[in-house]
Amino acid sequence: MSKPIVAIVGRPNVGKSTLFNRLAGERISIVEDTPGVTRDRIYADVEWLNHSFTLIDTGGIEPNSDDIILSQMRKQAEIAIETADVVIFLVDVKQGLTDSDHEVANMLRKSHKPVVLAVNKVDNMIQNNMDVYEFYNLGLGDPIPISAAQPLGLGDMLDKVIEHFPEQETSEYEDEVIKVAIIGKPNVGKSSLINKILGEERVIVSDIPGTTRDAIDTPVTIGEDKFVFIDTAGVRRKNKIKEDIEKYSIVRTVAAIERADVAVLMIDASEGITEQDTKIAGIAHEKGKAAIIVVNKWDKIEKDDKTMNKYLKDIEFKLSYMPYAPKLFISALTGQRVHKLFEMIKLVAQNHSLRISTGLLNDVLYEAMAMNQPPTDKGKRLKIYYMTQVSVRPPSFVLFVNDKELMHFSYERYIENQLREAFGFKGTPLRFMVREKQ
Ligand code: GDP
Ligand code: GDP
């Protein structure tokens, strides 16, 4: 189950940033350590009691210079409604109730999204109490007095927010179901691909299980094999605000990747590999997911016998941290090679949960060390006593050594390559931990 998403909406100067920073504390951005991903202050992880959620600040949108406050607020509210599980609607006790507050309240009410109405700048709970009652007029239930600056009342507010979170389930799908997230920047062809897949004759789209949250996923069966495409609602959504939510779509992408086993990263052949592609791929890599790189719109470009190689070279260079990912050149429009995708998904999912016995692992390790001795530093040689696999999804290994400092990145990479040669592991990242043992 991915983390719930909470959005803060409100007029300029009501205190959105102050509240955001107060709640976010030092726990910033979920993806800051991902290669190529710069830290983005528009969202943060928050923990409250036993719950954690992702908070987004829709105030991060830059209004166009001629944008009036109201249209900016409408946009914000649309984004929040599209993206979030719970919306915090922030108003200001000092400014009182305004027309634009009413307008936004109407939008929020119509959306049927859970809304928590928080009245900010109630720095003195006794003195300001009467002024808070005015906000009952918005028809959004009890207004909760807070002061983001002091801070006051934030606990009560968060309690209300958490009440609206979807029930936590221990396990969403049975173990044999392969969870797939189709990811990529807007307009790369994600929804076209999903529609093509669902239109295939052998693909049976299953009934969607009960809970509302699951309705965003699409489970399918092909023969004996069960797959579920994660967050297809977000992917297939088609409307005018799609572009506006681009900036926030990364939050959905991260949530989808977290729930998936396999990430299918789509690239637009007519645009080549862009910085946004490397960001998104970096998230899948960082989260340890199996990955497939799909170059889409292959029908659209001029080709000769060198074109595919040129793309492969470019991928190798720009997505150098994921050489394990198999590549597929498709057209979601014509359906070219789309049928190959399922075999590939199955293969990488198997490798993602592959377990190798300690005996076999160490046979490979000792042979690797015999062929290419471990490095030395200041006369001391690295000794690797043995290794063992500690987990799957992705396969993770512990290497027991005499001195951690002596383990160079290049030698670790060498061992990784030897393991890949021996056991395959196509499509999955591998993780290594080095432990000292006397
Ligand atoms: P935003 O435009 O909605 O993001 O609002 P800001 O967070 O930038 O806050 C606008 C102003 O209100 C700033 O001067 C804040 O210091 C002030 N402010 C925010 N929260 C409180 C509060 O709880 N009490 C008081 N008195 N001022 C606050
Ligand atoms: P999404 O935003 O990633 O879901 O992208 P869409 O599936 O909405 O596709 C964006 C645009 O690209 C649409 O106009 C599609 O018709 C077009 N498109 C998608 N796949 C292909 C393809 O394989 N070839 C060509 N020529 N166009 C495509």
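This note walks through two sheets and two ligand sites.

1. Basis. This is a predicted model: local features need pLDDT of at least 70, side-chain atom pairs count only at pLDDT 80 or more, and totals for chains, interfaces and linings use all residues. Residues are numbered from 1 along each chain as its sequence is written, while chains are lettered from A and ligands numbered from 1 in the order in which they are written.

2. The six-stranded sheet. This sheet is open, with mixed pairing and the strand order 2-3-1-4-5-6. Strands here are DSSP runs of E with at least two residues, helices are runs of H or I with at least four, and both are numbered from the N terminus. Two strands pair if DSSP finds at least two bridges between them. Strand 2 (43–48) and strand 6 (144–145) are the edges, each pairing on one side only.

3. Inside that sheet. Strand 1 (residues 5–10) runs parallel to strand 4 (residues 86–92), and five bridges join them. V6 has V86 in strand 4 as its bridge partner. Helix 3 (residues 99–111) packs on the sheet and touches strand 1, strand 4 and strand 5. Contact means that C-beta atoms, placed from the backbone, lie within 7 Å. The direction of helix 3 makes about 165 degrees with that of strand 4. Axes are lines fitted to C-alpha atoms, for helices over the stretch in contact, and angles run from 0 to 180 degrees between N-to-C directions.

4. Helix 1. This helix lies across strand 1, strand 2, strand 3 (51–57), strand 4 and strand 5 (115–120). Helix 1 runs at about 150 degrees to strand 3. Helix 1 (residues 16–24) also gives the shell around ligand 1 its largest share, three residues.

5. Ligand 1. The ligand is surrounded by 16 residues, the closest being G15, K16, S17, T18 and A149. A residue is near if its C-beta atom, placed from the backbone, lies within 6 Å. The shell has four nonpolar, nine polar and three charged residues. Nonpolar means Ala, Val, Leu, Ile, Met, Phe, Trp, Tyr, Cys and Pro; charged means Asp, Glu, Lys and Arg; the others, Gly among them, are polar.

6. Ligand 2. Around this ligand there are 16 residues, with G189, K190, S191, S192 and L333 nearest. Helix 6 (residues 190–199) supplies the largest share of the shell, three residues. By class, five are nonpolar, seven polar and four charged.

7. The three-stranded sheet. This open sheet has the order 16-17-18 and mixed pairing. Its edges are strand 16 (384–391) and strand 18 (431–436). The twist averages 25 degrees from one strand to the next. Strand 17 (residues 396–401) pairs with strand 18 in the parallel sense over six bridges. V398 has M433 in strand 18 as its bridge partner.

Terms used
Two residues are in contact if their C-beta atoms, placed from the backbone, lie within 7 Å.
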